[in-house]
Amino acid sequence: MAAPDIDISFDEDNRIRVLPKEKYNSTEALDQQAKAFTDKIHDFGTTIQTLVEVLESEAAKIEHEKLKAIGQRNRADMESDARKRKQANMQAIIAEKKAELERLNFQLNSLERSEREQRALIEKLSNNEV
């Protein structure tokens with residue numbers, strides 16, 4: 001009935017044991033070590049999870065600051081372009097005003113010449129009538 005290599009014994013609490021006391025004790029010790037190891041692994045997993053959460057939070061902050069910096073750089077580039085456009089617009093207005101000034105000066109000179117000619121004609125005609 002019982003195999004010759006199986007050792008049945010009773011422990012201190014009068015419980016039946018199939019393993020010898022030394023093997024049972026070493027099995028219990030191994031069980032305790034396994035539980036301790038499992039607890040350490042669980043603690044390690046918790047620590048890793050906390051670390052991942054902190055790193056994700058920091059990554060989000062970094063990404064936010066990165067986007068903010070890109071926005072500021074784009075704004076600075078746009079400001080530079082806007083200044084260039086405004087400068088070109090102002091130079092175009094200056095060129096238009098210079099052309100208008102030149103045209104008006106030419107017209108003024110023409111009118112002054114015409115006035116001088118008319119005054120000379122009036123003077124000539126008034127000298128001949130008298």
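Start with the whole chain as a surface: its accessible area is about 12,200 Å², and 58% of that belongs to carbon and sulfur atoms (Shrake-Rupley method, 1.4 Å probe; for residues, only the protein chains shown count as cover). You're looking at a predicted model, where local features need pLDDT of at least 70, side-chain atom pairs count only at pLDDT 80 or more, and totals for chains, interfaces and linings use all residues. Residues are numbered from 1 along each chain as its sequence is written, and side-chain values use heavy atoms, with hydrogens and water left out.

Now colour by pLDDT, the predictor's confidence in each residue, from 0 to 100. The chain average is 89, and 92% of the residues score at least 70. Among the elements, strand E1 (residues 9-10) has the lowest mean, 70, while H1 has the highest, 93. Where pLDDT is low, don't read the predicted coordinates in detail.

Switch to cartoon. You'll find one helix and two strands (DSSP runs numbered from the N terminus: helices are H or I with at least four residues, strands E with at least two), in the order β-β-α along the sequence. The radius of gyration is 53 Å, well over the 14 Å that the globule rule gives for 130 residues, so the chain is more spread out than a compact globule (taken over C-alpha atoms; the rule is 2.2 Å times the number of residues to the power 0.38). Along the principal axes, the C-alpha atoms fill a box of roughly 170 × 25 × 15 Å. Just 2% of the 130 residues count as buried (under 20% relative accessible area; exposed is over 50%, partly exposed in between; 1.4 Å probe, protein chains only).

Next, select Phe44, Ile48, Leu51, Val52 and Leu55: together they make a nonpolar surface patch of about 450 Å² (residues with over 30% relative accessible area and no salt bridge; nonpolar side chains, namely Val, Leu, Ile, Met, Phe, Trp and Tyr, are joined within 5 Å, like charges within 9 Å). Ile48 sits in helix H1 (residues 21-129) and is partly exposed at 34%.

On to the charges. There are five salt bridges (a side-chain nitrogen of Lys or Arg within 4 Å of a carboxyl oxygen of Asp or Glu), including these:

- Lys35 and Asp31: closest N and O atoms 3.5 Å apart; both in H1, four residues apart.
- Glu63 and Lys66: 4.0 Å between the closest N and O atoms, three residues apart in H1.
- Arg83 and Glu79: 3.4 Å between the closest N and O atoms; Arg83 is exposed at 57%, Glu79 partly exposed at 41%.
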